[in-house]
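Visitor: Could you take me through one part of this model up close? I'd like to see how the pieces of a single chain sit against each other.

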Protein chains: 2
Amino acid sequence: MRRIQVSLGERSYPIVIGSGLLDGIAELCGEAGFPVRSSLLVVSDNSVAPLYLDGLTAKLEEGGYKVVTHIIPAGEASKSLTVYEEVMTTAIKAGLDRHSAVLALGGGVVGDLAGFVAATYMRGIGFLQIPTTILAHDSSVGGKVAVNHPLAKNMIGAFYQPKMVVYDLDTLATLPPRDVRSGLAEVIKHGLILDREFAYWCREHAAELLSLQPEALGYALERGCAIKADVVGEDEREHGLRAILNLGHTIGHAIEAVGGYGTFLHGEAISIGMAGSALVAAKLGRPQSLYEETVSMLTALELPVTLPAQYSVDDIIEAMMHDKKFKEGRITFIVPDEIGAVSIVEGVEESVIREVVGQLKKEGSPW
Amino acid sequence: MRRIQVSLGERSYPIVIGSGLLDGIAELCGEAGFPVRSSLLVVSDNSVAPLYLDGLTAKLEEGGYKVVTHIIPAGEASKSLTVYEEVMTTAIKAGLDRHSAVLALGGGVVGDLAGFVAATYMRGIGFLQIPTTILAHDSSVGGKVAVNHPLAKNMIGAFYQPKMVVYDLDTLATLPPRDVRSGLAEVIKHGLILDREFAYWCREHAAELLSLQPEALGYALERGCAIKADVVGEDEREHGLRAILNLGHTIGHAIEAVGGYGTFLHGEAISIGMAGSALVAAKLGRPQSLYEETVSMLTALELPVTLPAQYSVDDIIEAMMHDKKFKEGRITFIVPDEIGAVSIVEGVEESVIREVVGQLKKEGSPW
């Protein structure tokens, strides 16, 4: 079993990573501070619940907890105020009180929604995350919880830290290969930002990671979580440093928006975005080899690094504008300096980004 | 101008009390840390807005701020997720960003709703309270913000501190006399809990308070806010001590629930509740004179201390049960020890409370 401590003063919490952890979930809930005999609300979605919810509930009840469950439809559409209110209704009807806690069993959508419920039910009750995707290693560290407003994603939310994150590697075995790759994009992002050695390690162990070999996967999640935890520990409420976590995300979000959410998975889009960031770096004087190394790492994990021909450069730039990222033709951009180090560069010209997006298409065979 | 500092570490903030403060609101917003040229969302209700909103907007715009306004219907029904989402829509359409702030111009409903918007818009932006009722001196200190769920009041919310509270005494001049009295109930409650001298001072200066004489009113709000600020500073998230602020509220809430919200104003209901608490105290061995002194203070402020004949004791007890206040026939109750001191007493028998509620009716001429 691997353990990482996220250091946030009185809001510090552990991330526990290993196989077979759900068997001991009741003990972990006890360690998280949830009193035995209190009610736990488990939120999950209709993809994950059929696989793990009954087993989880049984273990919690054996451990003396009362369990209430709420299953939401899988997918981003469930991150709405409507579904949020429905989960609240379940919580109230079940008589959850201040000693109760919410458990999120699922990926990012479940974690974000359930976390916002925990943050705001009776002004905040206990929260524990059980991520069942690789991608969620990212969203489960840092305490960002939210739902979407019809006009904008993640606009309604809070910074609210869980009491514990329980990462049972066994729950990853059923992930579709494309979701595995998408999740690994955020893993290697953490290496590209802050840990050169880890980035190279990921390239070297790509085959083991793609085949979900437990030892390699456990180490990768531990390093990924630890790097993110360090950044969040320095800047919990995103005043500055935390922005480096957005490497590849400016272009990536625009690709997601233009393609329509779901065309590219999040990790795929930011993989292309990270390739783009390395091209921006080259234009700002960093060595061309940085781009080549970055691309070799991403492709080792079978991630895309080019834009399909049908994407229009204008549309991508337009999407960034819409996201209010540009101010007077300039943008603040996370630029890699070398593998394992990035800078927050203010005032990057729109023309540079435009050229890079064009290059991402030209470099590309249709993916 | 009077100033009180609420001491909560990095979440500390000042309460400013005085006449004519709204003229200098732009400077106060600057002091609160809201950057000039940023957008401020002023939330108010349709009772208060016609009186002060135009003037406030003009002063803010003169000071260089962009102002967006959202007016809600006056009354508790506006503390809903539906209205909350509407305010969010206004904020998003106006392009509020992380440097923006929400200003609550109004009483408790406006403060609770606008505060929850500020707490959760983009995971938390600046918040400033401009209370326009005496009652709001209580709700504007302590950071409790919330909306109601159809099944339960204040069930959805957060602890979220404002950057500043601006109490312009001039805005109180238009308060109906019944609201003045209701507000003074929470003022004297702070004396009854923790400040014997202040409680006697309120009785002595009742006429000046009831006629809104600025010097007396300013002092009373300063002491009321300061006492509450001390308690909140010790126990921000209501783990223990903060419960003493609920003096009179257990019986008071039950009276509100049975009467239908609106029959008694909140302060009136807790005034009866505080008289009841002193009767409980007598049954637990405190001197009978404590009840008489308490009643003399409440009646000096023209507040009710008895239950109208049509109220049924069973209904009141039933409402407390529903509120889950009783556990196995016993209840934790805030019991006065003397004027200016209270205890949190666990395990008070239902029979004692039942007897006291009956006495509140018997003592009473119909009010």
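Guide: Let's go straight to the salt bridges: six of them turn up across the interface of domain 1 of chain A and domain 2 of chain A, counting a side-chain nitrogen of Lys or Arg within 4 Å of a carboxyl oxygen of Asp or Glu. For a salt bridge to look up in chain A, try R11(A) and E236(A), whose side chains meet at 2.5 Å, N to O.

A word on ground rules: this is a predicted model, where local features need pLDDT of at least 70, side-chain atom pairs count only at pLDDT 80 or more, and totals for chains, interfaces and linings use all residues. Residues are numbered from 1 along each chain as its sequence is written, chains are lettered from A and ligands numbered from 1 in the order in which they are written, and side-chain values use heavy atoms, with hydrogens and water left out.

Back to the two halves of chain A. Domain 1 covers 2–172 and domain 2 covers 177–362, with bounds from an automatic or database domain assignment. Their C-alpha centres are 27 Å apart. Domain 1 of chain A puts 22 residues into the contact and domain 2 of chain A puts in 29, where contact means heavy atoms within 4.5 Å.

As for area, about 2300 Å² is buried between these two domains of chain A, and carbon and sulfur atoms give 66% of that. Buried area here is the accessible area (1.4 Å probe) that two parts lose on being put together, summed over both. On the domain 1 side, R2(A), I134(A) and H137(A) are the ones to click on: they supply 28% of what domain 1 of chain A buries against domain 2 of chain A, more than any other three residues.

Now swing over to chain B. A rotation of 180° with 0.0 Å of shift along its axis lays chain B on chain A, at an RMSD of 0.0 Å; that's how a two-fold axis relates copies. The fit is by least squares on the C-alpha atoms of residues with pLDDT of at least 70 in both copies. Both copies use the same surface, as 97% of the contact residues of chain B recur in chain A. If you want to find the axis from chain B, go to L81(B), the residue of that chain closest to it, at 4.1 Å (C-alpha).
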